[in-house]
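Open the structure in your viewer and keep the selection tool at hand. We will go from stop to stop, and at each one you will hear what to select and what is there.

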Amino acid sequence: MSAPRPYPGDVAPDRADAEFWQGCRERRFLVFRCGICGRAVWPAGGCPAHGMAPMAWDPASGLGRLRTWTVVHQRYATSFAGPPPNVALVELDEGPLIHTTVVGADRLRIGMRVRADYDEIAPDVVIPVFRPLDEADDTLGA
């Protein structure tokens with residue numbers, strides 16, 4: 001894959017996460033889940049209790065809560081154009097934490113509900129971003 005800007009170091013596409021990135025291209029959010037205890041991890045790795053076997057990619061809700069964020073004012077690469085981006089940490093309803101960006105919010109707040117969306121940053125290169133969830137749409141209540 002070739003993208004106009006670098007991927008964050010812990011989410012760069014590789015063979016272990018290939019199915020996740022394919023899911024993003026299809027606008028489906030996936031987590032890596034333990035077949036023994038059901039614990040979800042992201043990115044692909046082993047279950048803390050049961051190691052790598054058996055692990056499989058599994059559809060996820062794409063819902064979560066914003067746990068923290070920072071705004072990046074320093075331009076580390078010329079490919080980062082536009083207003084200063086936020087780098088956010090979202091805790092998915094399935095449990096894992098994911099580094100991402102929250103878009104479409106006038107103001108961020110800790111604990112706000114968010115939903116996965118997708119940003120095609122280059123042909124065939126789609127990354128997950130998160131958007132605020134309208135509280136009226138949050139049927140999970142979490």
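## Stop 1: The whole chain

Start with everything selected: among the contacts in the protein with a separation of 6 or more, 54% are between residues 24 or more positions apart. Contact here means heavy atoms within 4.5 Å. This is a predicted model, in which local features need pLDDT of at least 70 and side-chain atom pairs count only at pLDDT 80 or more, while totals for chains, interfaces and linings use all residues. Residues are numbered from 1 along each chain as its sequence is written, and side-chain values use heavy atoms, with hydrogens and water left out.

Now switch to a cartoon view. The protein has one helix and eight strands, and along the sequence they follow the pattern α-β-β-β-β-β-β-β-β. Helices (H or I, at least four residues) and strands (E, at least two) are DSSP runs, numbered from the N terminus.

Next, show the surface. About 8,000 Å² is exposed, and carbon and sulfur atoms supply 52% of it. Such areas come from the Shrake-Rupley method with a 1.4 Å probe; for residues, only the protein chains shown count as cover. Of the 142 residues, 35% count as buried. Buried means under 20% relative accessible area, exposed means over 50%, and partly exposed is in between (1.4 Å probe, protein chains only).

## Stop 2: The helix

Select residues 18-25, which make up helix α1. Which of its residues are buried? They are Phe 20, Trp 21, Gly 23, Cys 24 and Arg 25. The buried residues of α1 pack against β1 (30-34), β3 (55-59), β7 and β8.

Step just past the helix to Arg 27, which takes a positive phi of about 60°. Arg 27 forms a salt bridge with Glu 120, with the closest N and O atoms 3.7 Å apart. Arg 27 lies in the loop between α1 and β1 and Glu 120 in strand β7, so the pair ties together parts that are 93 residues apart in sequence. A salt bridge is a side-chain nitrogen of Lys or Arg within 4 Å of a carboxyl oxygen of Asp or Glu. Side chains of opposite charge can pair when their charged atoms come close.

Beside Arg 27 in the sequence, select Arg 28 and Glu 26, whose side chains meet in another salt bridge (2.9 Å, N to O). A search of the whole structure finds seven salt bridges.

## Stop 3: A three-stranded sheet

Select β1, β2 and β3. These three strands form an open sheet in the order β2-β1-β3, with antiparallel pairing. The edge strands are β2 (40-41) and β3, and each pairs on one side only. Two strands pair if DSSP finds at least two bridges between them. Strands of a sheet pair through backbone hydrogen bonds, either parallel or antiparallel.

β1 and β3 pair over five bridges, and Cys 34 stands opposite Met 55 in β3. Now show the side chains of Arg 33 and Asp 58, which meet in a salt bridge (2.7 Å, N to O). Arg 33 lies in β1 and Asp 58 in β3, so this pair ties together parts that are 25 residues apart in sequence.

## Stop 4: The hairpin

Select residues 113-122 for β7 and residues 125-132 for β8. The two strands pair in the antiparallel sense over eight bridges, and the bridge partner of Asp 119 is Ile 127 in β8. Two residues lie between the strands of this hairpin, where Asp 124 takes a positive phi near 70°. Why is β8 described as largely enclosed by the rest of the structure? Six of its eight residues are buried.

## Stop 5: The core

Select Phe 20, Phe 29, Leu 66, Val 90, Leu 92, Ile 98 and Phe 130. Of the 32 residues in the largest nonpolar core, these touch the most other members. β7 gives the most to this core, with five residues. A nonpolar core is a set of buried Ala, Val, Leu, Ile, Met, Phe, Trp, Tyr and Cys residues joined through side-chain atoms within 4.5 Å.

Zoom in on Phe 29: among the residues it touches are Phe 20, Leu 92, Ile 98, Tyr 118 and Phe 130.

## Stop 6: A loop

Finish at Gln 74, in the loop between β4 (63-71) and β5 (86-92). Gln 74 is partly exposed, with a relative accessible area of 48%. Gln 74 and Pro 84 are ten residues apart in sequence and 8.1 Å apart in space, C-alpha to C-alpha.

Technical notes:
Lists of a residue's contacts leave out its neighbours within four places in sequence.
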